[in-house]
Amino acid sequence: MNHEPLTIMCAAAVCADLLRLRDTLEKLYGESARVEAHHSGEGLCHALEAHLACGDLVPVVVVDCRLADGTGADALVDLADRDASGATRKVLILADDETAETDRILAKVALDGVLTRPWTIHELRTTVERLVDEYLREVDPEADRRFAAFTMGPTGSTERDAQRTGGDLLQRFDEQVRRDRAKQRSFLEDRDLRDNEVEQAMIDEMERVLGYPPRKRLPAGSLILTEGESIDGITVVLDGEVRLFREVDGREIVFHHLTAGRIIGLMSLAQSRPAVFNVEAETEVTVMPVTLEQLDSALRASPSLSAHFVSVLVRSLARRNLRSIEQQLQIREFATSRIKESERLAVVGQLAAGVAHELNNPLQGIVAYSHLLLEKHAEDGRHRSSLEKIVAQADRCIAIVRALLDFSRPTAPKKQSSDVNSLLTDCIELVEEQALFLNIAIDRDLEPTLPLVMVDPSQIQQVFVNLIINAAEAMDGDGRLEITTRHMDSEVEIEFTDSGPGINPEDLDRVFDPFFSTKEAGHGTGLGLAISYGIVREHGGRITAASEEVAGATFVVRLPITVDRPWSNNMEQE
């Protein structure tokens with residue numbers, strides 16, 4: 001076999017296009033190949049004829065559709081006539097509006113590759129590497145692996161560089177051979193291939209059968225697939241990164257990137273259902289759209305593609321099932337830990353209730369006698385200050401004990417149809433005259449047509465007052481509190497957002513735990529939010545906390561709507 005360097009030829013009319021073609025190929029393959037550039041189709045054809053007459057190896061000719069003396073399609077037809085063996089591979093470069101040239105040339109000569117302008121280095125290299133490999137196997141089935149330095153060589157490699165990296169090149173060449181053989185494997189023979197290798201084998205075979213469909217270059221942020229959209233084909237991601245996500249209850253849930261792999265829409269297409277998530281380009285990506293008709297045609301034409309198609313589907317389903325099992329195990333582990341924690345807290349609650357009950361009677365006596373002493377020494381300035389402190393601390397002890405008893409033995413709520421806006425207004429009027437609220441602005445954004453809810457007004461007001469006072473204390477009596485109500489599907493949502501320092505991320509999961517408090521010692525029992533949580537849950541609702549660093553905290557109470565008739569103060573007045 002001739003061991004002279006290979007010759008790769010290219011042609012384009014526009015100087016910038018021709019220079020880019022030539023420079024790209026030279027940088028990719030260095031001294032492993034000669035690169036010849038031509039402006040005209042006639043010059044290209046004469047040069048190819050001369051090379052073939054001398055026995056030179058010309059594996060690939062890359063021709064732009066725009067040439068100085070005609071079209072690339074005409075030049076390729078002429079080339080085919082001059083290449084009696086038909087071994088030289090032919091690649092045509094065209095723009096989206098020149099696709100008619102492809103149909104015209106296919107009627108006269110077989111194309112081995114099509115690139116869409118603007119092409120990428122990756123696309124050019126992938127196409128040329130594949131065609132050179134096919135060419136070498138055809139002209140000499142025993143082609144030695146020395147030509148791996150051409151088909152897989154490093155950018156701008158010299159002979160010394162090729163020798164230094166020879167081991168790596170041969171290894172990469174073997175991987176390429178393995179991928180080529182994978183094109184003819186059955187479903188069961190795919191078992192020893194990695195997931196990405198099976199995907200790549202499917203993509204390679206699909207491209208070969210379909211004649212290398214045009215690609216699209218999409219900028220970052222482009223939406224490739226929309227949730228709920230009907231699927232009429234697949235999209236192959238050739239390079240770049242994408243992310244999968246969907247909207248659930250107003251929140252964005254991001255899926256693991258392996259959920260879809262590089263073939264977007266395959267699972268939904270196989271199950272004849274709309275897209276179940278959105279797919280967005282995180283970086284600039286190159287994609288290859290394949291319609292349902294194209295895919296069906298390719299599957300019928302290639303048994304190997306059908307085998308790879310089944311392999312990719314089965315592996316995708318297996319990955320999803322495995323992740324689902326892992327998630328279920330995590331949920332079960334979390335639920336088990338919460339049950340154990342609840343049991344521990346139940347025991348603590350019972351003990352606390354017993355202690356509170358035993359303390360309640362003597363405390364009531366202390367409070368009563370303290371008040372009597374305070375009345376008796378009303379004019380005694382020397383003892384009055386001390387007695388006031390005793391009364392205040394005794395009253396505080398009574399409040400703590402009462403809170404413990406309420407927490408350990410909650411009473412059943414007495415529910416009635418109630419207007420949340422009215423309950424909130426009463427709570428705000430109750431607290432806003434207190435000294436703590438003198439420098440706090442309370443902004444109200446109350447939806448006027450909220451539906452009624454079935455709640456115990458006093459218990460829900462206890463929750464509201466607790467959240468309002470907690471917000472005021474978090475802002476240290478100076479800031480802004482925003483209270484918002486809105487109708488969300490089957491719930492009424494009440495949101496409290498303060499301008500305080502926020503809650504530490506490590507404390508967010510504990511704010512509703514009994515006896516947990518972020519306040520200074522002696523300034524909180526740690527039961528307020530725990531009791532509020534229990535009240536809301538008793539009403540079939542939810543209460544959540546969120547916080548951003550130095551951006552305040554937000555507590556949201558959601559109560560179910562159990563009364564169909566909408567009602568508000570404004571409507572009643574009308």
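**Exercise 1. A strand and its partners**

Which residue in β15 does Arg 217 stand opposite? Then describe the pairing and cover of strand β15.

*Solution.* Keep in mind that this is a predicted model.

- Step 1. Find the partner. Arg 217 stands opposite Thr 286 of β15.
- Step 2. Place this pair in its strands. Strand β8 covers residues 216-218 and runs antiparallel to β15, with three bridges joining the two.
- Step 3. Look for another partner. Strand β10, residues 233-239, is also antiparallel to β15, and six bridges join them.
- Step 4. Pick one pair there. Ile 234 has Val 290 in β15 as its bridge partner.
- Step 5. Check the cover. β15 spans residues 285-291, and five of its seven residues are buried. The strand is therefore mostly covered, given that buried means under 20% relative accessible area.

**Exercise 2. One threonine**

Decide whether Thr 24 is buried or exposed, and list what it touches.

*Solution.*

- Step 1. Locate the residue. Thr 24 belongs to helix α1, which covers residues 15-29.
- Step 2. Read its accessibility. Thr 24 has 9% relative accessibility, so it counts as buried.
- Step 3. Name the contacts. Leave out residues up to four places away in sequence; Thr 24 then touches Trp 119, Ile 121 and Leu 124.

**Exercise 3. The whole protein**

How many helices and strands does the protein have? Add its burial, contacts and surface.

*Solution.*

- Step 1. Count the elements. There are 17 helices and 22 strands.
- Step 2. Turn to burial. The protein has 574 residues, and 44% of them are buried.
- Step 3. Consider contacts between residues at least 6 apart in sequence. Of these, 75% join residues at least 24 apart.
- Step 4. Finish with the surface. About 30,500 Å² is exposed, and 52% of that comes from carbon and sulfur atoms.

**Exercise 4. Two salt bridges**

Compare the cover of the residues in two salt bridges, Arg 89 with Glu 134 and Glu 207 with Arg 215.

*Solution.* Side chains of opposite charge can pair when their charged atoms come close.

- Step 1. Get the total. The whole structure holds 19 salt bridges.
- Step 2. Take Arg 89 and Glu 134. Their closest N and O atoms are 3.9 Å apart. The cut-off is 4 Å, so this pair qualifies.
- Step 3. Place both ends. Arg 89 is in strand β6 (residues 89-94) and Glu 134 is in helix α5 (residues 121-139), so the bridge ties together parts 45 residues apart in sequence.
- Step 4. Check their cover. Arg 89 has a relative accessible area of 8%, so it is buried. Glu 134 has 26% relative accessibility and counts as partly exposed.
- Step 5. Take Glu 207 and Arg 215. Their side chains meet at 2.2 Å, N to O. Glu 207 is buried at 6% relative accessibility. Arg 215 is buried too, with a relative accessible area of 15%.

**Exercise 5. From a pair to a network**

Which strands hold Arg 542 and Glu 491, and which residues form a network?

*Solution.*

- Step 1. Confirm the pair. Arg 542 and Glu 491 meet in a salt bridge at 2.7 Å, N to O.
- Step 2. Name the strands. Arg 542 is in β21 (residues 542-547) and Glu 491 is in β20 (residues 491-498), so the pair ties together parts 51 residues apart in sequence.
- Step 3. Check Arg 542. At 41% relative accessibility, Arg 542 is partly exposed.
- Step 4. Turn to the network. Arg 486, Glu 493, Glu 495 and Arg 558 are joined into one network by salt bridges that share partners.

Notes:
Residues are numbered from 1 along each chain as its sequence is written. This is a predicted model: local features need pLDDT of at least 70, side-chain atom pairs count only at pLDDT 80 or more; totals for chains, interfaces and linings use all residues. Side-chain values use heavy atoms; hydrogens and water are left out. Buried means under 20% relative accessible area, exposed over 50%, partly exposed in between (1.4 Å probe, protein chains only). Helices (H or I, at least four residues) and strands (E, at least two) are DSSP runs, numbered from the N terminus. Two strands pair if DSSP finds at least two bridges between them. Contact means heavy atoms within 4.5 Å. Accessible areas come from the Shrake-Rupley method with a 1.4 Å probe; for residues, only the protein chains shown count as cover.
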